[in-house]
Each structure stands twice: as structure tokens, then as C-alpha cells.
Amino acid sequence: MAGARLARRLTLVEGPDGDGFMEKALKVAFATTDQIHVDQHFGSAVRFAVYHVTMDEARFAEAIAFEAASQDGNEDKLAARIAALAGCAAVYCQAVGASAIGQLKTVGVQPLKVAPGTPIKAQLSQLQQELREGPALWIVRALSEERDPNRFDDMEAEGWSE
């Protein structure tokens, strides 16, 4: 269905020094058209910028692009976007529908609405400040979860599907 397919994905891998940053960082996404501002509705976002964040550092990790989608209530477009954000603790967007909120929370992604045009760098700084001073419950929950990359293997072996 138009708008439901992933068009491109660019993932940066950890450097050869293997400093372990990615494993200890919080992974967050931003719905953006320009990689600079949060300016997209989650369900029709054409791009997401994904960062790994600690209280001291934020590193760009991934750019995800989708075919254009309308904000028409078509639920099919959500599945690809939600799947692309696997492993993220949160997604920042300018708006998000009730159905998307429920589906995101089910897979452990906290949707966060911010003012249209919010600079991603400013939001990253605010998140780092929150990590230093006392994080919100969703951050505490995300940081305490076991990050076992094979955690879904048993379910897959049993034939589990959505």
C-alpha cells in the first residue's frame, strides 16, 4: 500500500575502536523532513533521524526514509514506521494519533509530542539535561530494560507473529 513501505535506511555502525557507546546509550528518533527540526506527524513522517544519547554525548546513528503517506487514518502505514523504530526508547514528533500511540507503547517506544519546528539539537540537549538531573519514568524504564539482541528468537522459533 502506498506510504507503507520503507524507502531507504542508512545506518552508521560503531567505529573500529568499539567504544561500546551504542550499547549504553538511549536510542531516540525524531520525525523530520530536514534532519534538523522535528516537523512531521508520526503517521505521515517521510523521515526519521535516529540518535544514541547519553548524559554526556549524542551521536547520529541512522536516517530512515519512507514513501510519502497522507494523514488519512490508513493504519497500514503505521506498521512499517513502528517496525523501523525497533529498539528506540522514544520518538519525538509534532503530532501522533491515538492508534499510533497505543501501537508504539506496545513495542516499548514512548511517543513524545513537541512544538512544530523544534530543533533536534535543542531536544537532544534537553534530553541529556533530563538524564543528568532525574529522568522521566519512560527514560528510567528504557534504561533498565534488558537489551538482549536475541530476546525475540524464542518467540520466532515457536512460530509467533503479529
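A residue counts as partly exposed when its relative accessible area lies between the buried range, under 20%, and the exposed range, over 50%. With 27% relative accessibility, Q35 therefore falls into the partly exposed class. This residue is a handy place to begin a tour of the structure, which is a predicted model. Q35 sits in the loop that links strand 2 (26-31) to strand 3 (37-38). Its phi is near 65°, a positive value in a residue other than glycine. For context, most residues other than glycine have a negative phi.

Stepping back to the whole protein chain, six helices and eight strands are found. Their order along the sequence is β-α-β-β-β-β-α-β-α-β-β-α-α-α. The protein chain has 162 residues, and buried residues make up 41% of them. Contacts also reach far along the sequence: of those between residues at least 6 apart, 59% join residues at least 24 apart.

Strand 2 offers a good view of the interior through F30, which lies in this strand. Because its relative accessibility is 0%, F30 counts as buried. Leaving aside residues up to four places away in sequence, F30 touches V38, R47, F48, A49, Y51, Y92, I120, Q123 and L124. A further link across the sequence is seen with A90, which is 60 residues from F30 along the chain, while their C-alpha atoms are separated by 8.6 Å.

The next feature is a hairpin, formed by strand 4 and strand 5 with four residues between them. Strand 4 (residues 47-53) pairs with strand 5 (residues 58-66) in the antiparallel sense, over seven bridges. H52 belongs to strand 4, and its bridge partner in strand 5 is R59. H52 counts as buried because its relative accessibility is 10%, and the cut-off for that class is under 20%. Beyond residues up to four places away in sequence, the neighbours that H52 touches are F21, M22, A25, L26, K27, E57, A58, R59 and A61.

Both strands of the hairpin also take part in the largest nonpolar core, which has 20 residues. Within this core, the residues with the most contacts are A29, F42, F48, I64, L85, V91 and L104. At least two core residues each come from strand 2, strand 4, strand 5, helix 2 (76-84), strand 6 (90-93) and helix 3 (98-106). Helix 2 gives the most, with four residues. As for V91, residues up to four places away in sequence are again set aside, and the residues touched are A29, F42, F48, L85, L104, V109, Q110, P111 and L112. A second, separate core has 19 residues, among them V28, L124, L127 and W138.

The last stop is a pair of helices. Two packed helices are described by the angle between their axes and the distance between the axes. For helix 4 (residues 120-133) and helix 5 (residues 137-144), the axes come within 11 Å and cross at roughly 80°. Helix 4 is therefore roughly perpendicular to helix 5. Helix 4 makes this contact through L127, E130 and L131, and helix 5 through W138, I139 and L143. By class, the residues of the contact comprise five nonpolar, no polar and one charged. L127 and W138, which take part in this helix contact, are also included in the second core.

Technical notes
Residues are numbered from 1 along each chain as its sequence is written. This is a predicted model: local features need pLDDT of at least 70, side-chain atom pairs count only at pLDDT 80 or more; totals for chains, interfaces and linings use all residues. Side-chain values use heavy atoms; hydrogens and water are left out. Two strands pair if DSSP finds at least two bridges between them. Buried means under 20% relative accessible area, exposed over 50%, partly exposed in between (1.4 Å probe, protein chains only). Contact means heavy atoms within 4.5 Å. Axes are lines fitted to C-alpha atoms, for helices over the stretch in contact, and angles run from 0 to 180 degrees between N-to-C directions. Angles under 35 degrees count as roughly parallel, over 145 as roughly antiparallel, 65 to 115 as roughly perpendicular and the rest as oblique. Ala, Val, Leu, Ile, Met, Phe, Trp, Tyr, Cys and Pro count as nonpolar, Asp, Glu, Lys and Arg as charged, and the others, Gly among them, as polar. A nonpolar core is a set of buried Ala, Val, Leu, Ile, Met, Phe, Trp, Tyr and Cys residues joined through side-chain atoms within 4.5 Å.
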